[in-house]
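Biologist: I'm new to reading structures, so please take me through this one step by step. Let's put it up on the screen first.

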Amino acid sequence: MSSSLSVEPLPYAPDEVARALGPDWQQTLLAAMRWMTLGRALDARMQELQRQGRVGFYGAATGQEAVTVAAGLVTRPEDWILPGLREQLLALVRGHSLVTYAHHLFADDLDPARGRNMPCHPTASEVHYVSMSSVIGTQISHAVGVAYGLKLRHDPGVALAFFGDGATSANDFHAGLNFGAVWKLPMVFCCTNNQWAISLPVERQTAAPTLASKSAAYGIPGQRVDGTDFVAVYAALGTALARARAGQGPSFLELVAYRMTPHSSSDDPLRYQPKDWADRARAHDPVERLAAWMSAQKLMTPDRRTALAAEADAEVRAAIGTAEAAPPPAPASLTEDVYSRTGSPRAE
Ligand SMILES: Cc1ncc(C[n+]2csc(CCOP(=O)(O)OP(=O)(O)O)c2C)c(N)n1
Ligand SMILES: [Mg+2]
């Protein structure tokens, strides 16, 4: 592997990108750059705040922005997101408020979960974003249930299950793919293979040559996609969503990316990652790859990038300032939303 610091170029002529993204492709690319830049700013700032003791925990998704932003831009409001560990940016792209997310990260009184959920596990029901699953793989079964409900109700939405390479060894993965295929459900299995399950490299997770190859056993078409290439992810998700909407059943996408930050704020990857990992990951930085392509096409300039980064940083700092000024949940709120006031007494 090369240890070059230059990024892998995206291999497209402009007309190929136009075909993949549709007539508004230039606006889509600009929106993608804006959201990816926001994701970067959020991850950087929140990791600093965790080190300063201002938030208890944070799980960055640096390196996986092409997946979350493409999914946020290509899905429709009626679709449902069942996230794994790193899809918070997707909720924001779908319209969840950054300020509300900041309230959640500070577990304050304006956090919709009022501090009861683990930090970095937002719930955004208004954008059909279910609380993320830290119990690896369980959301795959939940997504099957959601998709089954959508099918029974003739609802036009599609359920998207997001999970990591590690989750492919969980029971729910096998049960979920099987039920999804047998019932021909409107869903997409989105596996972001960031090549690590905490300290376990993907080569020790499975003896299968690719994760995408696993879906054949369930009768689901599987595709391995460069998960650091925004255009490729957008196109592959678009095809899988169209298939699900047409009643043709689920697809499986293995989106290969590079985890560019520690597993979480409780991890030290220097103890287990090879020395050249950071250089390899930087060569596949999804933000830099897209920016380089857009610069070559004169759709981006260094000044515009600097401005985007400054805007994103200001937006993140403003949201954090608002959240940090909010009071913690009142102790009495601990029992609110727990017991029903209107329910009938338990039958003797
Ligand atoms: C059922 C279960 N087993 C083990 C764990 C501990 N654990 C937390 S994250 C993780 C690795 C997840 O790796 P992957 O699915 O690749 O997701 P990534 O963290 O890379 O996004 C493990 C084993 C857990 N949370 N749940
Ligand atoms: Mg992983």
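**Rings, exposure and helix packing**

Biologist: Is Phe179 buried, exposed or partly exposed?

Modeller: Keep in mind that this is a predicted model. Phe179 has a relative accessible area of 40%. Buried would be under 20% and exposed over 50%, so Phe179 comes out as partly exposed.

Biologist: How many aromatic pairs does a search of the whole structure find?

Modeller: For this, ring centres have to lie within 6.5 Å of each other. Going through the whole structure that way, the number of aromatic pairs is 10.

Biologist: Take Phe163 and Phe173: what kind of aromatic pair do they form?

Modeller: Their ring centres are 5.8 Å apart, with 70° between the planes. Planes over 60 degrees apart get their own label, so the pair of Phe163 and Phe173 is edge-to-face.

Biologist: Which parts of the chain does that pair tie together?

Modeller: Phe163 lies in strand 2, residues 159-164, while Phe173 lies in helix 7, residues 171-182. The two residues are 10 apart in sequence, so their pairing ties together strand 2 and helix 7.

Biologist: Are Phe163 and Phe173 buried or exposed?

Modeller: The cut-off here is a relative accessible area under 20%. Phe163 and Phe173 share one label, and that label is buried.

Biologist: What about Phe179 and Trp183, what kind of aromatic pair is that?

Modeller: Centre to centre, the rings of Phe179 and Trp183 are 4.7 Å apart, and the planes make an angle of 50°. Stacked needs under 30 degrees and edge-to-face needs over 60. This angle falls in the remaining range, so the pair of Phe179 and Trp183 is tilted.

Biologist: And what is the relative accessibility of Trp183?

Modeller: Trp183 counts as partly exposed. The value behind that label is 33%.

Biologist: Which residues form one aromatic cluster?

Modeller: Here it's a group rather than a single pair, with Trp and Tyr residues in it. The members are Trp196, Tyr258, Tyr272 and Trp277.

Biologist: Which ring does the charged end of Arg34 sit over?

Modeller: For a charge to count as over a ring, it has to be within 6 Å of the centre. The charged end of Arg34 is 4.8 Å from a ring centre, and that ring belongs to Trp35.

Biologist: On to helices: how do helix 5 and helix 11 lie relative to each other?

Modeller: The axes of helix 5 (residues 98-105) and helix 11 (residues 302-324) come within 8 Å and cross at roughly 50°. Under 35 degrees would be roughly parallel, and 65 to 115 roughly perpendicular. The angle fits neither, so helix 5 and helix 11 are oblique.

Biologist: Which residues of helix 5 meet helix 11?

Modeller: On the helix 11 side, the partners include Glu315, Val316 and Ala319. On the helix 5 side they are Leu98, Val99, Ala102 and His103.

Biologist: What is the angle between helix 2 and helix 11?

Modeller: These two pack with their axes 8 Å apart. Their crossing is right-handed, and the contacts include Met33 and Arg34 of helix 2 and Arg305 of helix 11. The helices count as oblique, and the angle is about 50°.

Biologist: How does helix 2 lie relative to helix 8?

Modeller: The axes of helix 2 and helix 8 (residues 230-245) come within 12 Å and cross at roughly 110°. That falls in the 65 to 115 range, so helix 2 and helix 8 are roughly perpendicular.

Biologist: How many residues of helix 3 are buried?

Modeller: Helix 3 spans residues 65-74 and is mostly covered. Among the buried residues are Glu65, Ala66 and Val74. Out of 10 residues, the buried count is 9.

Biologist: Is Gln50 buried or exposed?

Modeller: Gln50 lies in helix 2, residues 25-51. The residues that Gln50 touches include Val55, Phe57 and Ser265. Relative accessibility is 14%, which is under the 20% cut-off, so Gln50 counts as buried.

Biologist: Last one: what is the phi of Lys298?

Modeller: Lys298 is in the loop between helix 10 (286-296) and helix 11. At 73% relative accessible area, this residue is exposed. Lys298 is not a glycine, yet the phi is positive, at about 65°.

Notes. Residues numbered from 1 in each chain as written. Chains lettered and ligands numbered in written order. Predicted model: local features only at pLDDT ≥ 70, side-chain atom pairs only at ≥ 80, totals over all residues. Heavy atoms only, no water. Phe/Tyr/Trp six-rings, centres within 6.5 Å; stacked < 30°, edge-to-face > 60°. Helix = DSSP H or I, 4+ residues; strand = E, 2+ residues; numbered from the N terminus. Buried < 20%, exposed > 50% of the residue type's maximum accessible area, 1.4 Å probe, protein only. Lys NZ or Arg CZ within 6 Å of the ring centre and 35° of its normal. Axes fitted to C-alpha atoms, helices over the stretch in contact; angles between N-to-C directions. Parallel < 35°, antiparallel > 145°, perpendicular 65-115°, else oblique. Contact = heavy atoms within 4.5 Å. Left-handed = near helix turned anticlockwise from the far one by under 90°. Lists of a residue's contacts leave out its neighbours within four places in sequence.
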